[in-house]
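Student: I've just opened this one. Could you walk me through how its helices are described?

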Amino acid sequence: MSTNEALEEILREIKQRKLKPKQIIENYGQETLKQIITYLNRHYGFTATDIAAHLNLASLSHFKQLLRKLNIQLEKEWGYYTKPLPHNRTEELLRKAKIDQKIQQTIQYIKQHNKPPPWYNQLSEEEKAATILWLNHKENQSLRKIAKTLKTHHTTLTLLLKKHGTQPRKPYRKPITEPHDKAYLVGLRTGDLTVRVNGGSLVAQVGTTHYTAWHQLFQKLFSKYTSTFHEVPRYRPNKKPPYEWTIIATLHPQDKWILKQPKNKIPEWIKKNKELFLAYLAGYTDSEGTWYPLVHYGRKRRKGDRRKYYYITFSAANNDKQLLEDIKKAMEELLSIHGYITIAHKEGETGRLSKKPGYKLVVAGKNAVKLAELLLPYLKHPDRVRRAKLAVKHGSRYLTQEQLQEWRNQRQKEKQQTQKDIELARKTYQQKHKNPQTTKPTSTSFS
């Protein structure tokens with residue numbers, strides 16, 4: 001009998017008798033346990049969660065401790081993009097959930113009351129797995145949402161499903177192929193958005209106190225390409241305000257092209273096309289730019305005072321002056337819109353997060369209004385959209401007091417919504433953490 005055949009025989013014994021690592025070591029020895037873990041990882045492509053389920057463990061932390069004890073380094077973990085289970089019972093358990101009256105009653109109770117029924121703990125492990133599988137596959141609920149309802153952790157549910165030979169619903173992933181969305185994403189990443197590889201997955205995330213606006217932006221941009229969104233309330237006592245949100249979208253692995261795009265200049269493929277440049281500039285504007293009324297003082301009167309005039313202005317900020325010069329030049333060549341670059345704040349200025357000097361690109365008057373008209377079809381940030389519409393509505397003339405009040409009202413609405421978002425972050429965070437001083441974030445499903 002070959003080594004692989006012997007290991008398969010032991011795996012069947014583990015499954016039949018539901019042996020745990022301690023019992024496997026007692027029956028077969030520690031070296032055999034190491035061979036089993038390595039075999040499952042390299043031969044089947046199983047992740048830590050898959051292997052922990054095969055070893056009948058209820059917690060992933062216990063398995064990670066075991067890996068350290070046995071000095072085992074698993075190969076790359078690709079999450080949902082692993083090889084399928086050798087014996088997949090997903091359809092079998094879904095059929096059982098459909099015809100089993102007790103399981104259907106449990107499912108209906110969870111859907112109606114958003115909590116587990118009183119008899120939930122009396123269900124067998126297989127009945128619980130069938131219930132979770134139905135909610136996940138047929139009701140399209142994420143494991144994170146189900147775990148929140150059942151007051152447990154989503155990893156525990158994953159272990160339970162895989163322990164019974166079933167797979168969670170594979171999340172929807174699609175590479176970003178629309179050129180305008182690609183250009184917009186490059187512009188957004190040049191500003192506040194962060195795109196990185198995390199545990200084999202490509203994630204786009206932003207930290208913000210403007211939760212509602214970025215929530216809508218993420219849905220407009222990424223919902224065509226992914227079904228996985230998360231919202232994370234964070235607490236950072238050394239920052240003002242101390243509570244904020246991190247919003248995360250998990251993208252397709254083929255979208256790693258974004259990591260190679262420069263952040264200090266406009267990519268050449270975007271400069272060659274006016275529409276792509278507008279999408280890029282809209283992404284950058286949603287992150288770092290806005291429209292607002294700027295005061296202008298007229299000549300001195302006889303009494304010595306000056307009359308105030310207000311006109312619409314656009315500005316976008318960055319610490320990299322060269323990037324703003326590149327955007328200014330492209331605006332002139334592709335859009336025939338002229339602007340200028342000025343200092344936003346000096347180097348080492350107090351009260352600033354960045355100690356570097358800051359610059360801003362300014363476009364004023366009719367050029368600012370023209371830019372608003374051109375960017376409106378591409379903007380996704382709701383506050384930027386409303387401000388661009390106000391700019392188009394009021395035009396390039398000096399603002400009347402009535403028009404100026406509209407801008408003040410818009411600013412007030414934005415500030416009020418931000419305060420609501422910060423308060424929601426505080427309440428959500430404190431509900432999840434008994435000790436609010438804990439800085440480690442907890443992820444929850446994106447509603």
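**Helices, lengths and contacts**

Tutor: Sure! First, this is a predicted model: local features need pLDDT of at least 70, side-chain atom pairs count only at pLDDT 80 or more, and totals for chains, interfaces and linings use all residues. Residues are numbered from 1 along each chain as its sequence is written, and side-chain values use heavy atoms, with hydrogens and water left out.

Student: How do you know that the span of helix 3 agrees with its 14 residues?

Tutor: The expected span is 1.5 Å times one less than the number of residues. For helix 3 (residues 30-43) that gives 20 Å, and its end C-alpha atoms are 20 Å apart, so the two agree.

Student: Which residues of helix 3 are called buried?

Tutor: Buried means under 20% relative accessible area (1.4 Å probe, protein chains only). In helix 3 that covers T32, L33, I36, I37, Y39, L40 and N41. These buried residues pack against helix 1 (3-17), helix 2 (21-28), helix 4 (48-54) and helix 5 (60-70), where contact means heavy atoms within 4.5 Å.

Student: Why is helix 6 called roughly perpendicular to helix 7?

Tutor: The axes, lines fitted to C-alpha atoms over the stretch in contact, of helix 6 (residues 90-99) and helix 7 (residues 101-113) come within 5 Å and cross at roughly 85°. Roughly perpendicular covers 65 to 115 degrees, so helix 6 earns that label relative to helix 7. K96, A97, K98 and I99 of helix 6 meet Q101, I103 and Q104 of helix 7.

Student: What comes right after helix 17?

Tutor: G395, with a positive phi near 75°.

Note on methods. Helices (H or I, at least four residues) and strands (E, at least two) are DSSP runs, numbered from the N terminus. Buried means under 20% relative accessible area, exposed over 50%, partly exposed in between (1.4 Å probe, protein chains only). Axes are lines fitted to C-alpha atoms, for helices over the stretch in contact, and angles run from 0 to 180 degrees between N-to-C directions. Angles under 35 degrees count as roughly parallel, over 145 as roughly antiparallel, 65 to 115 as roughly perpendicular and the rest as oblique.
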